[in-house]
Protein chains: 2
Amino acid sequence: MGRCINHPDRETRFMCMKHNIYLCEECIQCRDPEIYCKFRSSCPIWYMDKRAGKAAAGDLPGEFKVVFQPDNKEVTVTEGSTLLDAAIAGDIPLNASCNGKGSCGKCKLVLVSGEGISKNTPLLTDREKADHYVLACQTTVHSDIVARIPEETLERKLKIAGMGQAVTDRMKGLVTDITPMLTHYPLTLATPTLDDSISDLDRLLRCLTRKGCDTSRMSMGLKVMRDLASAIRHEDWKVNAAVIKKRSSSEIVAVTPGNSEMPSLGLAVDIGTTSIVVYLVDISDGTVLAATSGHNRQAACGDDVINRIVCAEKDGVKKLSRMGLSTINGLINEAIDSAAVDRKSIDNVVLSGNTTMIHLLLGIEPRYIRREPYIPSVSSFPVLKAGNVGLKVNPAGAVFVMPGPAGYVGGDIVSGLIYTGFHREEPLTLFIDVGTNGEIVLGNNEWLMTASCSAGPAFEGGGIRWGMRAEEGAIEKVTIDPDTLAPTYSVVGDVAPRGICGSGMIDLLSEMFLTGIIQPTGSFNVDDHPRITKDGDETAYILAFAHETAVDKDILFLKSDIDNLIRSKGAVYAGFKVLLNQMGMDFSMVDRLIITGGFGQYLDLEKAVTIGLLPDIERSKFQYLGNSSIGGAYMALLSETYRKEAIDICNRMTYVDFSSNNQFMDEFTSAMFLPHTDLNAFPSITQKN
Amino acid sequence: MGRCINHPDRETRFMCMKHNIYLCEECIQCRDPEIYCKFRSSCPIWYMDKRAGKAAAGDLPGEFKVVFQPDNKEVTVTEGSTLLDAAIAGDIPLNASCNGKGSCGKCKLVLVSGEGISKNTPLLTDREKADHYVLACQTTVHSDIVARIPEETLERKLKIAGMGQAVTDRMKGLVTDITPMLTHYPLTLATPTLDDSISDLDRLLRCLTRKGCDTSRMSMGLKVMRDLASAIRHEDWKVNAAVIKKRSSSEIVAVTPGNSEMPSLGLAVDIGTTSIVVYLVDISDGTVLAATSGHNRQAACGDDVINRIVCAEKDGVKKLSRMGLSTINGLINEAIDSAAVDRKSIDNVVLSGNTTMIHLLLGIEPRYIRREPYIPSVSSFPVLKAGNVGLKVNPAGAVFVMPGPAGYVGGDIVSGLIYTGFHREEPLTLFIDVGTNGEIVLGNNEWLMTASCSAGPAFEGGGIRWGMRAEEGAIEKVTIDPDTLAPTYSVVGDVAPRGICGSGMIDLLSEMFLTGIIQPTGSFNVDDHPRITKDGDETAYILAFAHETAVDKDILFLKSDIDNLIRSKGAVYAGFKVLLNQMGMDFSMVDRLIITGGFGQYLDLEKAVTIGLLPDIERSKFQYLGNSSIGGAYMALLSETYRKEAIDICNRMTYVDFSSNNQFMDEFTSAMFLPHTDLNAFPSITQKN
């Protein structure tokens, strides 16, 4: 028995040995070629009924059980599958940043019993190897196995910046002109007579027109037409018509008996590469009824968009689509449970995400995004139906996808602009979203330029040995005593630390620089000190000793981590410079600098200037906004003004490509220094040092 | 083994004993609730593999085979099913005008062997009973049965007026402004560069705009977006985009690699209650490549729209929809075979039919059409997709449904107007379509009034003992020698006669009246004559003696047939009068009288005046047009002008309801006389008599 890959709440005995996945009976019988061709026609589906103690398809060669502790979840795989395959098949949230390449070392498991063959890896210490640690992606299954997921490998509840009551309160009242895509019209139709014998549909349209609905460009599907006669007669000519207003036409998507007020709920969804946030909103007044967030399950296919695209090319974009949908649908379930609302009432949705995330979620070919000249398939979308997208809400519900101007500047940035509103105002603004990419926008109400500076996932924990997202156990604030070189830190959730998140890394790098532990180049100045150690050949700073931690190991900050972080901050700063240069401007002309992204709640802007991530300008010009993508999605959910604005922003933005930009390469090289090679650009930092 | 009810080309062993139908494996596994709920979840589907000689579901109580001669088609049914049920399940074309009520007497079979229990019926003669004749609908199955379909019960190839080469030639050139709904745009897209990095979709839209396509209101489905990237790169940025222009927006329905010219074919379909006509048209120049026609298979559920609606209420509208679709799809197959074209190239379709036929075909609830105040569900349709409708052509193809102004004045009439064009011209025109209803339009380029006069199916053979459609074996022309009272007749296909069609009946009634065989009331004047006989209590005229016929029985014209015909012609004439009265007009003001309908090719207008079906006005004002519905459908298929005109006609028409109109009842009563009670209205006929 296993759980259906499309419906994790269903146990099933149908398993595909080729894909190592389970499908429930509904999926097996499903005629959707995207499900059944892939998982049924072309595959040997073995009918296994473990409860009956027999395999219906006869002897199954080399099929083994993997039990994952601590939850004792059991997954059956064929011989030779990796433990990571097993975890993905069982929907077990393992951290696997590098998409199974064996290069990140994050998918550690402890082999409790059974036979697994592991490739040799430098990413496990000798002590770890002695303790039966293996990398899930490098270990194949050759018997029944019991594996324990250690503390540091388990994914935890995310701490999403701006998810508190304060923010949902701030959301409420942000939009006053409430004009959702899908509107319910409660109607009382005139009873037909011989003198008024127009068709049911014309009667409905006439009544809608009288209610102020523009019916001149109205369409409807066959289902609505088929059910219309009984729907309007069921409660004596009282009906509720659900109408989706699209860009240039409208569609009646449902007509239901009775004309009492229908609750209308909406979802604003921010689809991050790392984490996904869902707001459940009462459309009538904008109240946020629930806010949930979780790790994007696609993370098992890699940390960054490039790895995700590679995975989609290899395994098909449908796999990634399913993973994304299953994350979102899980979050929707949580939100529905928490707010105790009816799923069918959710009939407006806005999706905001970077271009790759949107392609993957909608099952659109993403491969050309990662190849020069970096072309997305679709950047602007018609209003879609929730059922077609695969969202488990009212299937007739309207889905607006935030348009994105380029392959590496997506709808999440457009959403961010809507939330900040600087494109409506005069002051010159520099906007940066430090996610896995680092998208920059420069402009005001007259012009907008945008670029993506490939900052990499360091600030989100990627490529950093003990890096992690801003979730429970992440060190998010650090100071270092200049005398003892001992750190003081605070941890998300006030628990023993398990790693370090973006804001913590910025603090740490800044403090190591200011206390002289490292040089402006990032090299270590100090070597003979209890806090300084070696990890293999690499020098490292001990941020937390094993006994202080939840993982019973020293949490280290390595030379390679420092180099990664400097590369990331250098790319962002270089991006700022080049965009300004393009306009013949410099930092002094910037009136406002807005920074958003998944750093955690306590980004210390001063320290971000110290390491040269942000320019050394008047601190009052800085503004840190947390997740602006969800904010813009929320606004577009409620109001047509902002949906139109999104399309308008896209059309106004001029995209600058840095990948082939020599000036960017020069500026990047100059910025690979703490704070920068041009110290004149950082007078306040030079002073401190 | 049997044939799938949805896919007659597939043999299958899955049969539903409750519905007496077969379904193929695809349908059994189909998740469409309209198919599988009805035929799977709720039914005992017995898995029967006759080849293996066993019934997988165990003993099947009371299951019998019925073999229909002469084709020896075998159908398996449960005990107690009627032979008509078996014929419907086996898709065997029996004539069953009254929908199994046992009142029309047309579904005669000869029981060759086996046990059937027949209810007593006055509609079989003693000789027929002695010869083992039974009515299929009145006979239940209680053993394996072999039944022979006699000559007079078999449905034959229709003779559709205007299907010859002459008409298809006339069609060609009728429309010069060729603007189909779905247009193919062969495009060469600009290869993307870093400086021109808009998305694939925007690139496509830009190119379409340059080709003169209005892309400002363009939408597309997820499938198009999903396949776009590979489609445009497959043949080096050369693609063909298929765009459907709708009333107020457009939709890209397919993007395929390569930009060579795509053949585009269209179908004009006239869905008559009795017969269905399909024209296969080359969209590029309007050539009619093939014209096919056949009996509407719904005829097994009754001759007229009321019986069809009753059947839909009883068995579900889906059953009627399937029957209609299977007829059309069969005709499409014939047309494709005959023209040797690719099914996928058919991507424009126009459907023209009366309001009930369109409701049934599209699966839209029809029940309120037959109940006062006679409300159709839908009278005007958005452009549909062929795949959604169920037509076996390119599933992305566009389907335009001719709009109909009322429950009893449908799109076929609007189509007829388009073909005649009188609504564009000044002369006052009276238009009548004598099908099973008798729809009338009066008007010109300034105004249009319309009504339906419930003429009944007599002119199409319904309710007439030896009445039949204008198909092979139908007597279509009759003269009677005033001295001998012997008839001379001509038969469709120059074969021995099997019955009499509409034009033959009009001739016959007129001749019987002029030769004094009957009185103006319809009563027989003559009784002692070799041509006059009794059928039970009824007097009848012997139109053909048994030895002259193909059915080896006397072909009679009974007193009740005469009464039916007089009622029908009276209703039409009353309709004319009342519409004219409504406008304060009389027949002298009519400049033109256009008559269309399924009479057969040789409607004698003079004789139609003689019986009082048509008014006694100058004969040069008469025009007989055959099937005008298919003509209008053809024109709308080719040109947007006529599709817009159809909607315009609907909006312009004023519908007059006769069902509650006292004036109509008075006029109808006055018209129940040959030619009329008011002989002054028929001076030329009075003179003749």
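This section describes the fold of chain A, its contact with chain B, and selected local features in a predicted model.

Chain A has 689 residues, of which 54% are buried. Its secondary structure comprises 19 helices and 35 strands. Among the contacts in chain A with a separation of 6 or more, 67% are between residues 24 or more positions apart.

The two chains superpose closely in terms of the fit: a turn of 180° with a shift of 0.0 Å along the axis lays chain A on chain B with an RMSD of 0.1 Å. The copies are thus related as by a two-fold rotation axis. The contact between them involves 42 residues from chain A and 42 residues from chain B. On the side of chain A that touches chain B, the elements giving two or more residues are α6 (200–210), β15 (218–220) and α7 (222–234). Helix α7(A) supplies the largest share, 6 residues. By residue class, this side of chain A consists of 21 nonpolar, 13 polar and 8 charged residues. Because 100% of the interface residues of chain A are also interface residues in chain B, the copies meet through the same surface.

The largest nonpolar core contains 393 residues, and the members touching the most others are V269(A), V278(A), V269(B) and V278(B). With neighbours within four places in sequence left aside, the contacts of V278(B) are L267(B), V269(B), T292(B), I328(B), L331(B), I332(B) and A335(B). In soluble globular proteins, nonpolar side chains tend to be buried together.

An open sheet of 6 strands in chain A follows the order β34-β33-β24-β25-β26-β35, and its pairing is mixed. Strands β34 (622–626) and β35 (653–655) form the edges, each pairing on one side only. From one strand to the next, the twist averages 20°. At one edge, β35(A) runs parallel to β26 (residues 448–452) of chain A, to which 3 bridges join it; T450(A) has Y655(A) in β35(A) as its bridge partner. Helix α12 (residues 411–420) of chain A lies across β24 (429–434), β25 (439–443), β26, β33 (592–597) and β34, and runs at about 130° to β24(A).

Helix α16 (residues 628–638) of chain A is largely enclosed by the rest of the structure, because 11 of its 11 residues are buried. The buried residues of α16(A) include I630(A), Y634(A), M635(A) and L638(A), as well as the glycines G631(A) and G632(A).

Strands β27 (residues 474–480) and β28 (residues 487–491) of chain A pair in the antiparallel sense over 5 bridges. Within this pair, I480(A) stands opposite P487(A) in β28(A). The hairpin has 6 residues between the strands, and L485(A) takes a positive phi near 60°.

Further local features concern backbone geometry. Most residues other than glycine have a negative phi, and most peptide bonds are trans. A340(A) has a positive phi, near 50°, and is placed in the loop between α9 (317–339) and β21 (346–353) of chain A. This residue, A340(A), counts as exposed because it has 8 C-beta neighbours inside 10 Å. For D494(A), phi is also positive and near 50°; D494(A) lies in the loop between β28 and β29 (499–500) of chain A. D494(A) counts as exposed, with 8 C-beta neighbours inside 10 Å.

A cis peptide bond joins L674(A) and P675(A), with omega about -15°. P675(A) belongs to the loop between α18 (662–670) and α19 (683–688) of chain A. In chain B, L674(B) and P675(B) are joined by a cis peptide bond with omega about -10°.

Technical notes: Residues numbered from 1 in each chain as written. Chains lettered and ligands numbered in written order. Predicted model: local features only at pLDDT ≥ 70, side-chain atom pairs only at ≥ 80, totals over all residues. Buried ≥ 20, exposed ≤ 12 C-beta atoms within 10 Å, placed from the backbone. Helix = DSSP H or I, 4+ residues; strand = E, 2+ residues; numbered from the N terminus. Least-squares fit on C-alpha atoms with pLDDT ≥ 70 in both. Contact = placed C-beta atoms within 7 Å. Nonpolar A, V, L, I, M, F, W, Y, C, P; charged D, E, K, R; others polar. Pairing = 2+ DSSP bridges. Axes fitted to C-alpha atoms, helices over the stretch in contact; angles between N-to-C directions. Core = buried A, V, L, I, M, F, W, Y, C linked by C-beta atoms within 7 Å.
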